[in-house]
Every structure is written in C-alpha cells, then in structure tokens.
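Please look over the chain as a whole before turning to its parts. The paragraphs that follow go from overall composition to one helix, then to a set of strands and the cores, and finally to some backbone angles.

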Amino acid sequence: MHAKQRSEATTLSASLEDYLEAIFHIASEKQVARAKDISARLGVKNSSVTGALRILSSRGLVNYAPYDLITLTPGGAEAAREVIRRHEALRDFFVKVLNIDPETADEGACKMEHAIPLPILERFIQFVEYFETCPSAGAQWVRDFGYTCRGGAERENCAQCVSAEAEERTKGKLKETTMKLSDLKIGQRARMVKLAGHGELRKRLVDMGMVPGAILAVERVAPLGDPIDIKLRGYHLSLRKSEAAMVTVAAIGAAGQVTA
C-alpha cells in the first residue's frame, strides 16, 4: 500500500471499514461484488452504498463506476484484511477465553474492531495463543465463573503443579513431535519451531510472521495439496506446498497440549 493510501485507510470511519470488509467477503465468495450484494449484506439502501463507494473510490481503495462490477484495489484489500484481522482476533478472545456464545461475540467484535489500537490487539492475540497452548499455566476456564487454579488457591499447590509439570517433561510425556507444516491436516493447529531456507523467500516468510513460537492453523488445502491456506497471528496466508515444507512445527492437540 502506498504511503498516501495507507494514510487514507487509517482515517476511515467505522462505516467505510464495514463497506471494505463486506466487499472483501463478497468478492471472496463471488469473485466480484455488486452494489445490490453490498446493500443486502449490510442492510442499507442502494443510495447509501453508492455514496460510500464514491468515497472509497476517491481514496483509491475500490475500483468503482456506476452499474459496473466492484473490486478492491491492492490498498483496499490490505485495509479490508486488517479490519477482518481485528474482528477475528476479538471474536476469538470472546469465544475461546471469555466463553461467550459465537453470535454475541461476533456482534461485540463488530462494534469494537474499528477502534481497538494495534498494541492492544496484539496482546489479545498473544493471550489467546497462550491460553490455548501453554501446557503449564495451571489455569482453566470454568463456565460462568472465571479462572481457577487446577491445584487450588493455596500457594504451596503452585509449587506442586510446577513440579508435576517438570516431572512429566522429564519422563517424556510432553515431548514435542515435530513435522513439516505441509504435513498438517485441515483444522490442525501448531506452534512454529524452525524455518529453513535462505534469501528472499525466507525473508518473505519471516515478514509474514513465520517466527519460532508463532501459533498457526491450517484452514484449507487445495485438492492437489497446493496451495495451503493458513491463519497466522490473525492473518490469512496462502503458501505453496514447497514453502510450507520449509517450516518445522510442533502440532497442538485439541485440548491445547502439544502432542506427544
């Protein structure tokens, strides 16, 4: 995104961000968007859609002409993906950590996604990753109550919990089994361990967030196994199978434990 486009995107109103998000989702489903599709998705009048599209077009975020198909420019697509990232990060926190039902979580995320500062968003994402994957945190979620220590509230139980964890690791019960990212199945989650390769390709993967400790999930695999779509730190990325084979990961079990 050019500097001017980035500046324009960061000053968008909540309403205009909703339009970008809607166009992105419609285009993902139908390749392109039409004004009537946007109107139906957002529940607004056609005249409102026209006004919003003109503003977004003037800012270089959409390709728009009356009665023509609507597409996002590269800058518009980047801005839309950032809105979606904020939305999904908030929704994940509400559902996975606060145990809120998905419908209510989605509604709340819609209202908050436009205003949350990036540093706070990153902390939300990091906490969800910690909550789902840390095998020694000693905290569990109790429905309609909150957090409670699995060993009890007494301080001496904390030492017992940590000692038990250390003993399990010593016995190899929590030993990590590593594999290539390209070998993960759809829906499987993993923690990145190592990135092979060198040069521009490796740099591009690192820039996308492929660093040790990052939590990722496989969302979709093409029929012939290439490309592989993953979710990483709130972003949706598409990797060639050869690129995914460069990434060594430790698979994470359904209960948030690293598989043994």
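What does the accessible surface of the protein chain come to, and what percentage of it belongs to carbon and sulfur atoms? In this predicted model, the accessible surface is about 14,800 Å², and carbon and sulfur atoms account for 54% of that area. The chain has 260 residues, of which 38% count as buried, and its secondary structure consists of 10 helices and 10 strands. Among contacts between residues at least 6 apart in sequence, 58% join residues that are at least 24 apart.

Helix α4, which runs over residues 46-58, offers a convenient place to begin. Its 13 residues reach 18 Å from the first C-alpha to the last, close to the 18 Å expected at 1.5 Å a residue. Four of its residues, V49, A52, L53 and L56, are buried; because they cover an arc of only 105° around the axis, they lie on the same side of α4. The face turned away from this buried side carries the exposed residues S47, R54 and S58. The partners against which the buried residues of α4 pack are α2 (14-30), α3 (35-42) and β1 (62-63). After the helix comes G60, with a positive phi near 75°. G60 also has a spatial relation to a later glycine, G75: the two are 15 residues apart in sequence, and their C-alpha atoms are 7.3 Å apart in space. G75 itself lies in helix α5 (residues 74-97) and is buried, with a relative accessible area of 1%.

Further along the chain, strands β6 (residues 189-195) and β7 (residues 215-221) pair in the antiparallel sense over three bridges, and within this pairing the bridge partner of A190 is L216 in β7. Strand β7 also pairs with β8 (residues 228-232), again in the antiparallel sense, over five bridges; here V221 has I228 of β8 as its bridge partner. Six residues lie between the strands of the β7 and β8 hairpin, in which G225 takes a positive phi near 85°.

These strands lead to the largest nonpolar core, which has 21 residues, and in which L181, L184, M210, L216 and I230 touch the most other members. Two or more residues of this core come from each of β6, β7, β8, β9 (235-239) and β10 (247-252). Which residues is L181 in contact with, leaving aside its neighbours within four places in sequence? They are M210, L216, V218, I230, L239, A244, V247 and V249. Apart from this core lies another, of 19 residues, which includes L16, I26, V49 and L56; V49 and L56 were met above among the buried residues of α4. As a general background to such cores, nonpolar side chains in soluble globular proteins tend to be buried together.

Two residues other than glycine deserve a look for their backbone angles, since most residues other than glycine have a negative phi. Y67, placed in the loop between β1 and β2 (71-72), has a positive phi near 65°, and it is exposed, with a relative accessible area of 89%. N99 lies in the loop between α5 and α6 (102-112), and its phi is likewise positive, near 60°. Is N99 buried, partly exposed or exposed? N99 is partly exposed, with a relative accessible area of 27%.

Conventions:
Residues are numbered from 1 along each chain as its sequence is written. This is a predicted model: local features need pLDDT of at least 70, side-chain atom pairs count only at pLDDT 80 or more; totals for chains, interfaces and linings use all residues. Side-chain values use heavy atoms; hydrogens and water are left out. Two strands pair if DSSP finds at least two bridges between them. The expected span of a helix is 1.5 Å times one less than its number of residues. Buried means under 20% relative accessible area, exposed over 50%, partly exposed in between (1.4 Å probe, protein chains only). The arc is that of the directions from the helix axis to the C-beta atoms. Contact means heavy atoms within 4.5 Å. Accessible areas come from the Shrake-Rupley method with a 1.4 Å probe; for residues, only the protein chains shown count as cover. A nonpolar core is a set of buried Ala, Val, Leu, Ile, Met, Phe, Trp, Tyr and Cys residues joined through side-chain atoms within 4.5 Å.
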